[in-house]
Amino acid sequence: MGVLGINHIAFRTPDPAGLKRFYAELLDAEEVAGEHDPLRIGGTLLVFFESREGGAPADPDEIAFDCDAAGFAACYERAKALGVLRREPVEPTPWSKAFLVSDPDGRRIELTYDDLGVYWRE
């Protein structure tokens, strides 16, 4: 098959512990033992490295996380409580919705829900 997906996402930041707390709270991530103090989101690990120059550039890339319906609603409520919501939910298609947050370093993070049960709509 070849490439199977994403193994991990590495964040470089001046505050690895603080950034880890943010992602753990926003995404309700599972803490796992391992190098670089990882969190698990589905089948992907998030790892955190200390870097003085870390953080988002002036025009940061975007990371998008898939959610199920309940997870989307829960992440949205946590984003509001954390005060990090940057764009209210939009519906780019009749079967999907997304909202945007910024992490403490200024990275754009999108949370998405796609209703995979939709096969046909007119």
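The exercises below, each with a worked solution, look at one helix, its surroundings and a few single residues of a predicted model.

Because this is a predicted model, local features need pLDDT of at least 70 and side-chain atom pairs count only at pLDDT 80 or more, while totals for chains, interfaces and linings use all residues. Residues are numbered from 1 along each chain as its sequence is written, and side-chain values use heavy atoms, with hydrogens and water left out.

**Exercise 1. Describe helix α1: find its extent, its buried residues and the residue that follows it.**

Step 1. Helices (H or I, at least four residues) and strands (E, at least two) are DSSP runs, numbered from the N terminus. Helix α1 covers residues 16–27, which is 12 residues.

Step 2. The expected span of a helix is 1.5 Å times one less than its number of residues. From first C-alpha to last, α1 reaches 16 Å, close to the 16 Å expected.

Step 3. With buried meaning under 20% relative accessible area, exposed over 50% and partly exposed in between (1.4 Å probe, protein chains only), the buried residues of α1 are G18, L19, K20, F22, Y23, A24, L26 and L27.

Step 4. After α1 comes D28, which has a positive phi of about 50° although it is not a glycine. D28 lies in the loop between α1 and β2 (30–31), and D28 is exposed, with a relative accessible area of 59%. Most residues other than glycine have a negative phi.

**Exercise 2. Work out which elements build the largest nonpolar core, and which of them gives the largest share.**

Step 1. A nonpolar core is a set of buried Ala, Val, Leu, Ile, Met, Phe, Trp, Tyr and Cys residues joined through side-chain atoms within 4.5 Å. The largest one here has 26 residues, and those with the most contacts inside it are Y23, L27, L46, F65, F99, V101 and L111.

Step 2. Two or more residues of this core come from each of β1 (8–13), α1, β3 (39–41), β4 (44–50), β5 (62–67), α2 (69–82), β7 (96–102) and β8 (108–114). The largest share, six residues, is given by α1.

Step 3. Contact means heavy atoms within 4.5 Å. Leaving aside neighbours within four places in sequence, Y23 is in contact with residues including F11, L39, L46, F48, F65 and I109.

**Exercise 3. Determine how α1 and α2 are oriented, and which residues make their contact.**

Step 1. Axes are lines fitted to C-alpha atoms, for helices over the stretch in contact, and angles run from 0 to 180 degrees between N-to-C directions. The axes of α1 and α2 come within 8 Å and cross at roughly 135°.

Step 2. Angles under 35 degrees count as roughly parallel, over 145 as roughly antiparallel, 65 to 115 as roughly perpendicular and the rest as oblique. The two helices, α1 and α2, are therefore oblique to each other.

Step 3. On the side of α1 the contact is made by F22, E25, L26 and L27, and on the side of α2 by C75, R78, A79 and L82.

**Exercise 4. Place P104 and T44 in the structure, and decide for each whether it is buried or exposed.**

Step 1. P104 is found in the loop between β7 and β8, and P104 is exposed, with a relative accessible area of 55%. Not counting residues up to four places away in sequence, P104 touches L19 and F22.

Step 2. T44 lies in strand β4, where T44 is buried at a relative accessible area of 17%. The C-alpha atoms of T44 and N7 are separated by 5.3 Å, although these residues are 37 residues apart along the chain.
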